[in-house]
Each structure stands twice: as structure tokens, then as C-alpha cells.
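Hi everyone, thanks for making time for this. I'd like to walk you through one model, so let me put it up on the screen.

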Amino acid sequence: PATVLEGFRQDTARRLARLAARTLVLELHQARTGGRLGGKGSRERFRDFLRLTACRAGLASLVTAYPVLARVLARSALNAADAFAEMLGRLAADRDLLASSGVLGDRGTGTAGGCGPDALTGVAAGAGDSHRGGRAVMLLRFADGARLVYKPRPLAAHRHFNTLVAWFNSRVDGTDLRSPRVLDRGAYGWAEFVEEAPCRSAAETAHFYRRLGALLALLHVLDGTDLHHENLIALGPHPVLVDVETLFHPPLVPAGFADPAARALHASVHRVGLLPQLLVGDTSALDMSAIGGGRAAPSPVETADWAAAGTDTMRLVRRAGRFTGSANRPRLDGVRTDPSAYTDALCDGFRAAYTALSECRRELLGPDGLLRMFARDEVRFVPRPTSAYATLLHESTHPDLMRDATERQRVFALLRTGALGATALPGLEDEEIAELWRGDVPVFTTRPGATDLWSGTGRRVPGSGGPCGLERVEAKVRALDTVDRQDQERIIRTAMVATSAEPPHRASGGGRPRVAATAPEPERLLSAARSVGDQLVSQAYHDGNRTNWIGLELLGERYWRLTPLAADLACGYTGPALFLAQLASLTGDSRYADAARAALAPVPGLLDALHRRVDDLGVLGSGAFAGLGGIAYALTEVGTLLDDPRVREWAGPATRLSHAAGSAEDGSGVRGGAAGGLVSLLAVHRTTGRAEAWRGAELCAERIAAAPLPTAEGFADGAA
């Protein structure tokens, strides 16, 4: 139909305009300053520029001056046309199968004529990243109101997931998970369109979260990941997962990562992506997860945008973009639910599903087990966040890079450095760059029963060795037990704190609470302290001689993030180490002393790294709670309490680093600034007599005396 073709032309024109925008704005600026534009007003001159550039001579001049841009535009246009024509041809060939498959849902006519290309009324292209020559998910709309999702990739994994869900529903009472119906056509497929619907009662909302907990358990066992807010639809009391391409995903921790808590977190239920996952900017953060994300809100990260668009003063600016709302969170009476209120329901569903999977593991394992049907399915491997690729593609449209392919290649080669973050599997950079040159977001796939990868160009890439995805999942199923389930539930409950709308700090309701008239007996206090110490020891993650914990980090006094503990005293591993050392000194229990020493194992490496990055010390500060002063204090106290000369020796370089940080920091508070450095270094000097501790304390005192009082009240960062 003409309307569909016109929609394709408009979509392609917008895509090409985005690619050429930076170059065109530069040309606009040069034409304006050169006096080559006619028109009385700014908008008239802008239209004159478009007229001049769009004529044959203008286009010839543009592509001659910017040969890389010509290549990029031609490739994008050809890819778009090929992908669109391919979809139409496949739709025509499959109309009979579509009519009888059920993927058109209840609104489809059930006749072949109602789902052919001639019945289309609209195609929304680009629903997701483009891969493999500009191919992307498309949403089709037909004359009878039916909608259909076209996916230009194999859907065997989704088909087998639906089979597994049907089995799962028969084993877990009251779950009734739903999954979109699919028509798998080998290299591509069609999927049922799932439309959001509200819950009708509070009971239905609670059932939604119980089902979501069950889905979380299933995806955790299958090593699923990337379950962000766009991949989940709230269909009344049913959470519907619409994309399962990242099942059986390899570990996401870079090789050689030594922190046992980091490895445990990456291997836990948290990596599925359903639990809160923050996109962090300089001044704000936004949850992108399936359970807490999906709010319409400004992006925490600034991106390129246009000021004075449509005028001859149009220019590039950096400002926050905006995320539109998603359909992942259920609505009740027109209001999106608060996920934190349903943490118990989420954990109930997770517990029931985890237990059922453990009890029925024999049906999943072995040569005839249900997991084996996935062995040859194509699944996706994501070596680095796709946002890194999208940023590279966008920034590589700079006019200077559109003139010279060598310069653009240098930008793409940043993938070989650490500038864009670590990759989960080094050695893929050549394939990544080749796909970026094709205008695609690089994509890599694997098979659960294999270790090799395939790039978006079809090239086979040897894997990193080790067990394949299917073997890892089977090992996880064999290891399911009550201890692990409780550990995963603890991670769920801790992570769900981030979804709460309550402020991290709340003022007391007026007046101090009443306390007991007499202090508790020392034995009672020590018994309570031992209970805390036992929990710390039992909840620690170990690897060799190193111990760490998973905990919550407060960002900017507003956002909670689940993370392995860093090194600071207030929220890091030096705090538990100090507590355990004090407990060991009082009780004589070597378990607490051993755990304290193991927690401090990474300190020498940390201090060496900081000595090589002296310019960054001012950011860390000398503070007591979040700075180097607190670390120096903790090392001094632990070394003294345990009579450990090795730990006491580490306090020396920590003290010198704190002194250096005090010379470069801006803050004056107790938490991360000079006041905290002062009290920490005085305590170190009192215990050790170190001259550098006294000199550092003097420096902090001088800075406090010279600085004006903070305008804010409070102890941690304020005037107190």
C-alpha cells in the first residue's frame, strides 16, 4: 500500500538525516557566515540552505567534500531498502502459515488475505538496534487491527523457551507464566504482539509480582540476562517476557577479576537484569531494570542534541535526553505500582519456582532432559554494553571523520583500549569495527552446546574455552539447594531497596526515643555483637585468601545500588574488617580475626594503584567515612587489635596517601573531606606516633580554619 511505502520513505529519510546532521550543520554555519544564504529571517535562510544543498550540484559538492559520509549514507539507504523488501517478501511467503499459527492473536482474521503485504496499514521499523546489514525488529499493523512483530533472526530459542514454560507451569502451582506465541521460520520469525493491560485488583497486582519472581527464578537457572524495562510487558496480572535471545549467556566478569563478591554478584540472580540496575550520570541516576525501570524521565547522561533547530543558527549542544515510559510495571486504577511494596510476593514466587526446579531437576538434565532442546539454538552473546556501540556510531558522524576514513577508523579503534570499558571477551575488536563500518550495532551469537561465537557478518570466532553454556546451566541446576536459594533471596531483598520511593534518610518524628534506664549488661552486648559477626562471616564470599561482601552503596544521597563493597570505612570492606578485629580481640575467636585479615587482602594492591594515580587522590579525599583517612585509621586499628605487623605496615602508605589527598581535596566535611582527615590522622598518630600522620592532620586543620563554614547543617558534610 502507498501509505506503507510512504512511511518507509519517511523513516529512511529521518535515519539519513541523523547520520548527516553534524556535517550539514557545519555546512550551514559556513554558508551563513559566508553570506551565501538568501532570506530575511533565520528560518527563511535555513530553508534556502536546504534548497541549495538538495539540488544536484549541492549534493555533488557535499559528497565530494565528505566521501565517508557518502559511503555511510549509501550503505544505510541500501540496507534499509533491502531489509524492508526482505520483510515484505517473507510476509507474502508466510501468509498462510501466519493465518493458522495463532501469532496474530485474537484480533486476526485467521485468513491468509488478512495478513499479507496488501493488508498492511503501517510498519514501525527500527524497533531496536540494527544488526546484520541494517536488519531490525519491525512492528506490523494490519487493516483488521491485528498487529505482528517481525524478528529478522532465528526464533528457535524462543520456541523452545515456550515449551519449557509450559512444562514449568505444570510443575509450579498457580504460576501460569505466559510467553508470546512465535512462528519460527529458521533464519527469521514472527512473534505475537503483546499489548499492555492494567490489573483489576490489588490481588492481581500481587499475583503479577509472584509470577515475576517465578520468571526470575527460571531465567536465573537458564543464565538469562539483559532483562531491561523494554523486554517486559505487564499484561494485567501476567509479566510477559518478549525477548529471550540472551539465555545461556557466558559469565560477564572479565577474566582475572579477583573480587569474590563481584564474581558472586555477576553469577547471581542480579545479573538477569530484572532487579534494579542503575544508569548513573554525573548528578542523577535512573533505574533501567524490568522491575523498577520504565519511567518517563530525563536521562542521567548527556547526549548530543540540537539548539535552534530549523534556523540558520542551528548548533549542537550537550544536554539530557529523555526516556519515554515503558509498559513493564503493572497499573492499578491508572497508577503504576511501587515494586518495593511487593518484595514479599516477588520472593514468594522466586522461592516456589526455585524449589520446584530443584525437585524436578531430573527432567531438565541428561541426554533426554528438556535443556538439551536448546543445544543448537542461536543465542546472543553481549561482550560489552550496546550503548558503547551506539555512542561510537553517533560520535563517528563528526564532520572531520566524514572527510577521512582513517580518522574514523581511529575512533572505532577505541574499542581496543579501555576507554569504553572492559569487554567480557577480548579479541573481538576486528569484528566489532567491521560491523560498525556497516552501520550496525555489532552482534555476536553462540550456541548453548558450543563455545565458539559467530559475528554479525557470519564469521566464526573461536571461544575462550571452558564449559559451554549448556554445561554451565546443567551444573547450576545440579547445584540448586536451600543455602543458595536463601543467598539469592537475600540479594533480591537487598536489591529491592533501590525501588523504594522512600528517601534514604528520614528525620525522626520529634524528640529522641526513650531508652532503658540502665545500660544492658556487657555480656548481653557482646552476645549481640557476636551475632552480627557470625552473620558477617556467613554472608562473606571467599576466594583463596580474599573475602568480601555484597552490599548497598548510596549514590548522591538519593540512589541505592547493589554492589561489591569498596574499600572505604563507612560502606566498604574496611568497616566490617575493623568490627571483626574488635570482636576477635574481645572474644579470642580466630574466625573473626581470619575474616578481618582476608577482607583486607586487596589493600596492598589498592595502595600501589593509588600511588600510580596521584592526580586522582583529590577526588577520593582524606575523609573518615568515604576517604583515605578512614582507611588509614582502619588499618592502624586492625593491625593493633590483631597484633599484626603486616597490617600495621600498610597503614604507613595509606597515611601518606591521605596526606596527599588532603592537599588536593575540595571538601571539608567529616565523610569525605578535611574534617574527617583531621580526626582520622590524629587517631593514627595517637596509636602509632607516625610523623606523616601529624603533618597530614596539621594540613587538614589549616584547610578547615581557612575555609568558610559549609552552608548545610549536619555532621557528615555540613557545618557540624
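I'll go through some helix pairs, then a few single residues, and finish with the cysteines.

A word on the ground rules. This is a predicted model, so local features need pLDDT of at least 70 and side-chain atom pairs count only at pLDDT 80 or more, while totals for chains, interfaces and linings use all residues. Residues are numbered from 1 along each chain as its sequence is written, and side-chain values use heavy atoms, with hydrogens and water left out. When I say helix or strand, I mean DSSP runs numbered from the N terminus: H or I with at least four residues for helices, E with at least two for strands.

Let's begin with helix packing. Two packed helices are described by the angle between their axes and the distance between the axes. The axes here are lines fitted to C-alpha atoms, for helices over the stretch in contact, and angles run from 0 to 180 degrees between N-to-C directions.

Take helix H22, residues 628–641, and helix H24, residues 674–688: their axes come within 8 Å and cross at roughly 25°. That makes the two roughly parallel, given that angles under 35 degrees count as roughly parallel, over 145 as roughly antiparallel, 65 to 115 as roughly perpendicular and the rest as oblique. On the H22 side, the contact residues include Gly629, Gly630, Ala632 and Tyr633, and on the H24 side they include Ser680, Ala683 and Val684. Contact, by the way, means heavy atoms within 4.5 Å. The crossing of H22 and H24 is left-handed, that is, the near helix is turned anticlockwise from the far one by less than a right angle, with clockwise being right-handed.

Next come helix H23, residues 645–664, and helix H25, residues 691–706, whose axes come within 9 Å and cross at roughly 20°. H23 and H25 are therefore also roughly parallel, and H23 passes H25 in a left-handed crossing. From H23, Gly652, Thr655, Arg656, His659, Gly662 and Ser663 take part, meeting Glu692, Ala693, Arg695, Gly696, Leu699 and Arg703 in H25.

Let me pause on glycine 652, which sits in H23. Is it buried or exposed? Glycine 652 is buried, with a relative accessible area of 1%; the cut-offs are under 20% for buried, over 50% for exposed and partly exposed in between, using a 1.4 Å probe and protein chains only. Setting aside neighbours within four places in sequence, glycine 652 is in contact with Arg690 and Glu692.

For the opposite orientation, look at helix H9, residues 343–359, and helix H16, residues 482–495, which pack at about 155° with their axes 10 Å apart. H9 and H16 are therefore roughly antiparallel, and H9 passes H16 in a right-handed crossing. Among the residues making that contact are Leu346, Cys347 and Phe350 of H9, with Gln488, Glu489 and Ile492 of H16.

One more helix: H19, residues 590–599, where Tyr592, Ala593, Ala595, Ala596, Ala598 and Ala599 are buried. What covers the buried residues of H19? The cover includes helix H17 (522–539), strand S19 (546–548) and helix H18 (574–587). The N-terminal end of H19 is capped by aspartate 589, with a side-chain oxygen 2.9 Å from the backbone nitrogen of arginine 591.

Now two single residues. Arginine 185 is in the loop between strand S4 (182–184) and strand S5 (189–192), and at 35% relative accessibility it counts as partly exposed. The side chains of arginine 185 and aspartate 94 are joined by a polar contact of 3.1 Å, meaning a pair of N or O atoms within 3.5 Å; within protein, one must be able to donate a hydrogen and the other to accept it, and residues adjacent in sequence count only if both atoms are side-chain atoms.

Asparagine 79, in helix H4 (residues 67–93), is buried at 9% relative accessible area. The asparagine 79 side chain reaches the backbone oxygen of arginine 438 at 3.4 Å.

Last, the cysteines. How many disulfides does the structure hold? There are 0 disulfides, a disulfide being a pair of cysteine sulfur atoms within 2.5 Å. Why not at cysteine 347? Because the closest cysteine sulfur, in cysteine 199, is 19 Å from the sulfur of cysteine 347, too far for a bond. Cysteine 347 is buried at 0% relative accessibility, whereas cysteine 571 is partly exposed at 39%.

Thanks for listening!
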